[in-house]
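User: Can you walk me through how the chains pack here? Keep it short.

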There are 2 protein chains.
Amino acid sequence: MHSFSELSILFESNFSNRQFPEQPATLYDAAQYILTIGGKRVRPIVVLMGNELFGEIHKDAFQVAKAIELFHNFSLIHDDIMDKAPLRRGMETVHIKHGESTALLAGDAMLVVAYEQLIGIDSKYSNQVLTLFSKTAKEVCEGQQIDMDFEKMDNVSLDQYIEMIALKTSVLLAASLQMGSIIGGANENDQQHIYQFGKNLGIAFQLQDDYLDAFGDPEKFGKQIGGDIIANKKTCLLIRALEVSNPSQKIDLISLLQTNDDKKVEKVLDIFRACEVGEFTHTLKEKYFDSAMNHLDQIEVNKESKSQLLALAKYLLMRDS
Amino acid sequence: MHSFSELSILFESNFSNRQFPEQPATLYDAAQYILTIGGKRVRPIVVLMGNELFGEIHKDAFQVAKAIELFHNFSLIHDDIMDKAPLRRGMETVHIKHGESTALLAGDAMLVVAYEQLIGIDSKYSNQVLTLFSKTAKEVCEGQQIDMDFEKMDNVSLDQYIEMIALKTSVLLAASLQMGSIIGGANENDQQHIYQFGKNLGIAFQLQDDYLDAFGDPEKFGKQIGGDIIANKKTCLLIRALEVSNPSQKIDLISLLQTNDDKKVEKVLDIFRACEVGEFTHTLKEKYFDSAMNHLDQIEVNKESKSQLLALAKYLLMRDS
C-alpha cells in the first residue's frame, strides 16, 4: 500500500505535463493555468487508493484520476465565475486572468477532456465508470444550484443543508473512491461501502469547515475567520442557531444578517456560543465521521490494507488518533 | 428512406418530453426551457439520415440524435452568455430568463446529459462515437474561442476564417452525419465522405449566411440586414474587402468600422459592391457546395438512397435544382 504522499508524487508525474492541445493557446492556456496553481489533488489520489485497496494500481486508474481532477477544476472555474471570486489558492482566478468568456469556454473544454480520459479505459468497466461519473457530475451541478437557491430562501432546514453539501462536495469524493474500487475489482457491496465512506467523510469535512470558519484557530485555518458570517452563508451553524435560538436571540440574529457593522462577526459568534451551535456541529461532524469509519470497517479486505484510507480520513478531519 | 419532415416528427415524438430530472427545478427548468423554444433540429435529423443511408434506423441513432441536439443547445446557452445576447429565436435567452449563474450551470448539466445519452449505446461502436463526439465538442469550443480572438485581431486571413467557421459550425453537422453512419454500419471510407459532405456543406451554409447578411432579401432572410456590418463582424465579405480594396477604399472601410453613423451599412455595402466581395463569397460558397456534392457522390450506396440528403443540402443552400 502506498501512502498519500507517495501516490501524490506518482500522480503528479503523470499530471504535471500540459493536459490540453497547444492551440488555440488563448483557450487552453487558460485551462492549463488553473492546474498549475496547485491543489492537494485529494480526489485523484483517492481514486488510486480506492484501486489499491482491492488490487495493484492499474493504468486506467490514472486515467480516471486525471478525469476526476479535470472535472474538479472545471467546476472550480465555473463556480468562481458564478461567485465572482477574484482569488483561488491565493492566485487570480481564471476569469480574472483570462476573461469571463474564455474561462467559461476553458471550463467547458476541460469537462470534455475529462470525459476523453474515461473513454479509453477498459471496456469491461468503462460503461459503469462513465455512468457513475455522469451521475456525479450532474449532482455537483445540482448541489451548486441548490446552494445558490438557498441564498434566496428564508428557511433552510438542516436536512436540506446536508443534502446540498453532500451533492456539492461529497459525492465527488465518494465517486472517486468507488471508481478506483471498480478498477481494482471490488464487488458491488464493497463498492457501496467505499462510496458511503467517502460521502460521509466529505460531509464531516464540510461540517468541520463550517465549524472552523467560526471557531477555528486563525493561524491554522488558512482562511479569514468569520468569512461565512460576513457573507451570511447558510452554514450548519447559522441554520441550527435560527432553529434553536430564543425569540430575542433570533430577532438579534436576523437583524445582524442585515448589517455589515464591524462587530457583526463578534456579535453573531456570541449568539452561536449561547445557542451551542459549535458543539452541535462538532457532534454532527463526529456522527458522519463515525458513519464513514463504520463503512470503512465493513469493506471486506484485511485491516492492514485500509490503513492509508484511515490515515487520510484522520488527516482530513484533523484527528491525531 | 424518410424525408426530413418525417424524421423530424419521429425525433420530436422522442424529444418533446422533459429531458432532465424534475429537481432542482431552478436548474432543470432553465435547461428544458431552451429546448422548448424551437429550432429546426437539423443536426439530430441528419444523425438519423446518416444512419438510414446505410441501414434501418437503429434506436441508438435516437440516443445519438438527442445527444447532438443537447450538445448544440448547451453551446447556444453558453454562447449567448458570452455574447450577452438578449434574444434567441425571438424569445428571451436562458441567462436573461433564469440568470447567468443558472444558465451557466444548466449548460454544464446539459453537456453531461448529452454524454449520458451516448453511454448507453451498443458497445460495438460506443467508443468510436464517444471519441468523435468529444473531439467535435472540443473543436466547437475552439471555434468559439478563435471567433472571440478574431475580434481583437487587425488581420484575419480568409483561410483562418474558413478554419474558424468549420470548427464553430460545420464539424458538428459533419460529426452528426458520421455518427449516424457509424450506427448504420458504414465503412471507414464512406464515413469519411459523409463527414466531409457535412463539413463542406456547413461551410457553404455559413458563407451563404455571410452573403445574405449583406445582400439578402430582408423579407426572406429573417434577420436584420447588415447586422454583421453594424457589429464589425469579420465575415468573408469584410475579410475579402480588406484584402482587395484599393488604398482609398481601404481607408474608408477602416474608418467606417470605427463609426456608428446611420449610413454605415449603406456605405460599407457600396465598398463591398465595388470590391465585388458578394460575387467572391457566392463563388466560394459554390466551391464548398460542389465539394460537398462530390463527397456525397463518392459514398458507395445507390443514388436513390442519397436523395434525402441531397434534398436537405439543396434546401439549406436554397437551391431549386
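Analyst: We'll take the interface, then the symmetry, then the core; note that this is a predicted model.

User: How many residues of chain B are in contact with chain A?

Analyst: On chain B, 31 residues are in contact with 31 residues of chain A.

User: Which elements of chain B give two or more residues to that side?

Analyst: Four helices are listed: α2 (25-36), α4 (59-83), α6 (100-119) and α7 (123-151) of chain B. The largest share comes from α7(B), with 14 residues.

User: And how do the residues on that side divide into nonpolar, polar and charged?

Analyst: On the side of chain B that touches chain A, 16 are nonpolar, 10 polar and five charged.

User: Do the copies meet through the same surface or different ones?

Analyst: The same surface, because 100% of the interface residues of chain B are also interface residues in chain A.

User: Symmetry next. What turn lays chain B on chain A?

Analyst: A turn of 180 degrees, with a shift of 0.0 Å along the axis. The RMSD is 0.0 Å. The two copies are therefore related as by a two-fold rotation axis.

User: Which C-alpha of chain B is nearest the axis?

Analyst: That of B:D108, 3.7 Å from the axis.

User: Switching to the core. How many residues are in the largest nonpolar one?

Analyst: It has 186 residues. Those with the most contacts inside it are A:V64, A:A106, B:V64 and B:A106.

User: What does A:V64 touch, leaving out residues up to four places away in sequence?

Analyst: A:V64 touches A:V47, A:L118, A:I121, A:V129, A:M179, A:G180 and A:I183.

Technical notes
Residues are numbered from 1 along each chain as its sequence is written. Chains are lettered from A and ligands numbered from 1 in the order in which they are written. This is a predicted model: local features need pLDDT of at least 70, side-chain atom pairs count only at pLDDT 80 or more; totals for chains, interfaces and linings use all residues. Two residues are in contact if their C-beta atoms, placed from the backbone, lie within 7 Å. Ala, Val, Leu, Ile, Met, Phe, Trp, Tyr, Cys and Pro count as nonpolar, Asp, Glu, Lys and Arg as charged, and the others, Gly among them, as polar. A nonpolar core is a set of buried Ala, Val, Leu, Ile, Met, Phe, Trp, Tyr and Cys residues joined through C-beta atoms within 7 Å. A residue is buried if 20 or more other C-beta atoms lie within 10 Å of its own, exposed if 12 or fewer, and partly exposed in between; C-beta atoms are placed from the backbone. Copies are superposed by least squares on the C-alpha atoms of residues with pLDDT of at least 70 in both.
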